[in-house]
Number of protein chains: 2
Amino acid sequence: MEWKPDKAGETPLYLQIKDYIKNKIETGQWTVGMKIPSQRKLAERFEVNRSTVVTAFDELIAEGLLERKSGKGTRVKNNTWSLFSEQPPPDWSSYVKKSIHIPNLPTVQDIHKAEPLPHIIRLGTGEPSPELFPREMMARVLKRLPSRIRSLGYEEEKGLYPLREQLSAYMKTLGISVSPSSILIVSGALQALQLISVGLLRRGSTVLLEKPSYLSSLNVFPSSGIRLFGLPMDATGLQLLALRKHRKRQNASLLYTNPTFHNPTGTVMPVEKRKLLLKICEEEQLPVVEDDVYRELWLDSPPPKPLKAMDNNGSVLYIGSFSKALSPGLRIGWIAGSETVIDRLADIKMQTDYGSSSLSQWAAAEWLSSGLYAEHLGQMRSSLRDRRDLAEELLRTEFEGIAEWVKPAGGFYVWLRLPQGLSLRELFEDALKAGILLNPGHLYDGDDDCHLRLSYAYASVSDMRKGMAKLAGLIRGLASRR
Amino acid sequence: MEWKPDKAGETPLYLQIKDYIKNKIETGQWTVGMKIPSQRKLAERFEVNRSTVVTAFDELIAEGLLERKSGKGTRVKNNTWSLFSEQPPPDWSSYVKKSIHIPNLPTVQDIHKAEPLPHIIRLGTGEPSPELFPREMMARVLKRLPSRIRSLGYEEEKGLYPLREQLSAYMKTLGISVSPSSILIVSGALQALQLISVGLLRRGSTVLLEKPSYLSSLNVFPSSGIRLFGLPMDATGLQLLALRKHRKRQNASLLYTNPTFHNPTGTVMPVEKRKLLLKICEEEQLPVVEDDVYRELWLDSPPPKPLKAMDNNGSVLYIGSFSKALSPGLRIGWIAGSETVIDRLADIKMQTDYGSSSLSQWAAAEWLSSGLYAEHLGQMRSSLRDRRDLAEELLRTEFEGIAEWVKPAGGFYVWLRLPQGLSLRELFEDALKAGILLNPGHLYDGDDDCHLRLSYAYASVSDMRKGMAKLAGLIRGLASRR
């Protein structure tokens, strides 16, 4: 997808590459002092021999545009403009380094970079496979939109009213009674968390959550100066004794929980424990953020009702999303809760991005009102069940003796436990070299060194077979070298 | 659009309203301690007599659910649950009050609340009128999408590649040479600013900008602990002497500027001054954020090239958007600049909302590649020119002697100067009562007390005629009472 030299062209490849780099520098896209990609990486990206890139680099070094320092890679030394001038460009790198937001974890950055590579098998990706995308239904939804949409302007603060109305009716089917004015449309669950971090919490406050937790792989709370504190889990979700203890000890402001098909462990909290959890939170006056984005992806039987359905005093903020069950590309999720909170978060949302895509909001409303969403969910569950069963079969045949797991009852993930003492860092890198992208457990719990989050949702069925066999081989290899 | 009692129903209206309020309280949407809307407001919203609401309130007070304190409105006293229990609900209001993000300015909140009201004439709104929305072309774009979209997943970190490729080609027509890897797709220009605030700046740093400036109406920078410092303007944009002085005196980290059809004044910076500005910023090593979202809306002749087109060392970050020239509802804009910066902002964008709507990105790419965007721009300019000329005519006929203005050459706005000493707060409120929504100057410059930002883009042509005549009457009335 990126620029590549034209192999059929008359200009020699190294000259094309030289011109490409020169243009990057001249137009200020690569600034003075910036470390540029290695010769090896560029050779891969351009699909040429490394020697071709070396020739281009050598000429640019001779012209004074690049400089190579041993062990430190190649950097931009001058731009053509700076060869004639005294003024160096702004030092963007120092701007980046000293600014407020914490960068993604290095492994997460590596994952984002590797995801678009061709032929990579993504065994950890928390996203429905392109194979599962309901193309034909989406075409029907899009076809109906022009007759619905008079114009695509900014919407009301809380989002498109017809969508909030649909969501209010939909949540009633989950046992949750909220009116459209208690719902805020957001661009996915992650944005809901972002808004909560700056709209409800103070710097220095503490959020309790499961350990491991999807939320620990993100810097959305820490970037706002908010601390995360993980509570131990058992087979039924977070441990309630720990909750009570740490609410006080950590002076916690909020509990973030994902009680249904927990990411990454797949755990489902039983209904009696949900009631107890809620009772504790009410007694402790501890507000709860319930992340419920996997709810519809049950594979054996419907899960217990959400915490929010049992919440009688407005303690629970509920987060839902279309990203997992339908399509992440709509970027539509929602928060439901007390109007005081929803009004506040809506105000910040307006200050952040003026609302989510109206086009996506109309499409989501149409998915719901047409009944196509419900129809799709049936198909989705059926396909996902086949994938889960395949993963289970592959695990039983390929991973015997090298891993433990619990068969998930819904969601996307198997939380695979590997033998202690294996280097997951090494496994991640070996797998990447072998064309397999993994999500290691330390993303979800900094102390974890023996889990992988496997996803049966993303890779194609044939890639899953291939990838899992390869992965088992890599693990056995690593284990034997211990 | 909100719930209303069923006037044809058998249940008396006051009982329907009582049940509605009870449900709000029981489900925790209205929490204990929350101030609920006034009887007058609810009567308006439900389209019933105030006495009907009074009856409902009285019964709820008798049941112990509401309480009225003189001068302090009506509050929720108990929920049915709390009548039997000792635990009060979480104190959401104190969470809201003590949290990080600064709320919108009160006037901005008032504006957001008033915008969806029926029959309101919006004379300040910075958004193309629904009349200007290219419905038929959008239907053509939507029709083509299903054949383009294989699946709607998360996109690459920097956004959908085909869109970045189209934008790279489009920017070439503006004299800007950037490759797709130096472009980040964002959900509108506001999000670009949000990402810049946390991705490039430190707490305590200072951003220079025009005074007045659109950016001053937002708390996106102050919420991250970043100070805004306004530079005086003249008829050709910000004053360069002041720029040089305050770069040093304020130890500024960044210049935010909107040199083309400036919001709110409509000013266009001439080409020679652009060169000088860039020279100063290069000498001072002061990076520039160029907000260029009004560029395509020229009405008499094309404006000078962007600063970014003259930027040879990567000092300028360029912000573009489809919101003004096409449709805000797509929520698609972009940032172009040095890869160091784009990589950084892309990483934060992934942590904020995992990317913009793929559906909107595909639609935007199709607008560009099909040529429909260029075709639309021609029509848009022509309609906007008619509106600008109408506004000019109305101003000349209605506002003689009570206002001064410069005829804008593009964009959406007339920066209307009213006589000193008029209370703009009073005018805003009087106008709102008369069904007219205004954007007073203090939104863009806290010290301003004599300007309105009039927009000829939003109201329908007949509303513009009606609204402007009414507004002139209100101003004359206020002036005569001074």
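Here is a short tour of a predicted model, with a few selections to make as you go.

**Stop 1: both chains.** Show chain A and chain B together. Turn chain A by 180° with 0.0 Å of shift along the axis, and it superposes on chain B with an RMSD of 0.1 Å. That's how a two-fold axis relates two copies. Now colour the contact residues: 100% of those in chain A recur in chain B, so the same surface serves both copies.

**Stop 2: two helices in chain B.** Select residues 13-26, which are helix 1 of chain B, and residues 50-62, which are helix 3 of chain B. Their axes lie 8 Å apart and make an angle of about 50°, which means helix 1 of chain B is oblique to helix 3 of chain B. The crossing is right-handed.

Next, show side chains where they touch. From helix 1 of chain B, pick B:Leu13, B:Tyr14, B:Ile17, B:Lys18, B:Ile21 and B:Lys22. From helix 3 of chain B, the partners include B:Val53, B:Ala56, B:Phe57 and B:Leu60. What kinds of residues make up this contact? Eight are nonpolar, two polar and three charged.

**Stop 3: B:Leu208.** Jump to strand 5 of chain B, residues 206-211, and click on B:Leu208. Is B:Leu208 buried or exposed? Buried: its relative accessible area is 0%. Leaving aside neighbours within four places in sequence, show what B:Leu208 contacts; among them are B:Phe229, B:Leu243, B:Arg247, B:Tyr256 and B:Leu286.

To finish, draw a C-alpha to C-alpha distance from B:Leu208 to B:Glu47: they are 48 Å apart in space and 161 residues apart in sequence.

Definitions and conventions. Residues numbered from 1 in each chain as written. Chains lettered and ligands numbered in written order. Predicted model: local features only at pLDDT ≥ 70, side-chain atom pairs only at ≥ 80, totals over all residues. Heavy atoms only, no water. Least-squares fit on C-alpha atoms with pLDDT ≥ 70 in both. Contact = heavy atoms within 4.5 Å. Helix = DSSP H or I, 4+ residues; strand = E, 2+ residues; numbered from the N terminus. Buried < 20%, exposed > 50% of the residue type's maximum accessible area, 1.4 Å probe, protein only. Axes fitted to C-alpha atoms, helices over the stretch in contact; angles between N-to-C directions. Parallel < 35°, antiparallel > 145°, perpendicular 65-115°, else oblique. Left-handed = near helix turned anticlockwise from the far one by under 90°. Nonpolar A, V, L, I, M, F, W, Y, C, P; charged D, E, K, R; others polar.
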